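Trainee: Got a minute to go through this one with me?
Mentor: Sure, put it up.
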There are 2 protein chains.
Amino acid sequence: MPSIYLAGPEVFLQDAMAVMREKRRLARSFGFEPTGPGSDENQGPVVGLNATAIYARNEDAMRRAEFCLANITPFRGISADPGTVYEIGFMIALGRTVWAYTNHPDDYGVRVRSIWYAGLEIDEGSGRRRGPDGLAIENHGKADNLMIDAGIEAQCGRVLRAPVLPADPDRDLTTYREALQALTEICSN
Amino acid sequence: MPSIYLAGPEVFLQDAMAVMREKRRLARSFGFEPTGPGSDENQGPVVGLNATAIYARNEDAMRRAEFCLANITPFRGISADPGTVYEIGFMIALGRTVWAYTNHPDDYGVRVRSIWYAGLEIDEGSGRRRGPDGLAIENHGKADNLMIDAGIEAQCGRVLRAPVLPADPDRDLTTYREALQALTEICSN
């Protein structure tokens, strides 16, 4: 079975173990052997390890995996969990097949305007759209910062988005399952 | 001169060109040839390029650079700019020497509590500190998500932090300059 690194912020959830167990179960049901942050049953719990040890475990898992499927649903803000973003960049540089999914349907630029600058005036007039603090707002139609989406697309990966925001974006696995299904199709080609 | 990729969100600033020009000037004054997002004078402006072209330009610059110095000062939230985080992961996987600096003095976990959960109750009692939404709060004493700091440290890089938040965290170059100085010392060893 090809191994797949399940990047994502689920490790922070109160019910992390249950959610990650279900993600692993689904990955196996599509023919992948799952690995990733906090998700290797055989390795013992992450709690109690220091940052160096957690990093070393994750880096080792990334180097061993053939695929990465990253959950880039916004985490504590308007963008993906930064640990997940690090892993996407790392695995693309390693030449692995990296895909992502998000439970937020909107473009990153839409979230910047509607969430970060909610209710504030946007400067539309100067050629490049900017917030009231002068910071340019990305307008590339991507799910997150263009480096993430375009990095994935540059190696023929895909970023799948939920069509509408689900009731529980931190735990909904509908788009995750669709991504696994689509990945099995490239694996069998 | 060793080349250095200057990762960071300066490209979004209203005065991006002036700030990046000064960063390049400082890099050269310490003996580095700067490259990075929007910072190659010879390449023409980024404005007008699509995401694919910008990504390709940045990836090419990352592959050519020997060093990376990343500005991980929080950007539109409590963490570093996601494009910058991608580049840190990418260049570490390439085996480059990656350092970072931030103009925010606090630990990531402190920012999560004081900014993201400002005024809200933190659950301290259950072994792992959690926000009122149940999400665990990292407590590793790092500047950002542990993957960033520990990834940099795993290859003997350093994350430099400003001792206090400067008046203009988006533009202050004091800690950037210190990082360049410290980098020259490893270069001459």
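Mentor: We'll take salt bridges, then cavities.
Mentor: This is a predicted model, where local features need pLDDT of at least 70, side-chain atom pairs count only at pLDDT 80 or more, and totals for chains, interfaces and linings use all residues. Residues are numbered from 1 along each chain as its sequence is written, chains are lettered from A and ligands numbered from 1 in the order in which they are written, and side-chain values use heavy atoms, without hydrogens and water.
Trainee: How many salt bridges over all chains?
Mentor: The search finds 20. The criterion is a side-chain nitrogen of Lys or Arg within 4 Å of a carboxyl oxygen of Asp or Glu.
Trainee: Which residue does A:Lys23 form a salt bridge with?
Mentor: A:Glu10, with the closest N and O atoms 2.8 Å apart. A:Lys23 lies in helix H1 of chain A and A:Glu10 in the loop between strand S1 and H1, so the pair ties together parts 13 residues apart in sequence. Helices (H or I, at least four residues) and strands (E, at least two) are DSSP runs, numbered from the N terminus.
Trainee: Are A:Lys23 and A:Glu10 buried or exposed?
Mentor: Both are buried. That means under 20% relative accessible area; exposed is over 50%, partly exposed in between (1.4 Å probe, protein chains only).
Trainee: Switching chains, what does B:Glu153 pair with?
Mentor: B:Lys142, at 2.8 Å between the closest N and O atoms. B:Glu153 is in helix H5 of chain B, B:Lys142 in the loop between H4 and H5. B:Lys142 counts as buried at 15% relative accessibility, while B:Glu153 is partly exposed at 34%.
Trainee: And which residues lie nearest the centre of the largest cavity?
Mentor: A:Arg76, A:Ser79, A:Ala80, B:Ser79 and B:Ala80, out of 17 lining residues. A cavity is a set of points on a 1 Å grid over the protein atoms alone where a 1.4 Å probe fits but cannot get out; lining residues have an atom within 4 Å of a point.

Note on methods
1 Å grid on protein atoms, 1.4 Å probe; cavity = no way out; pocket = protein on both sides within 12 Å on 5 of 7 lines; lining within 4 Å.
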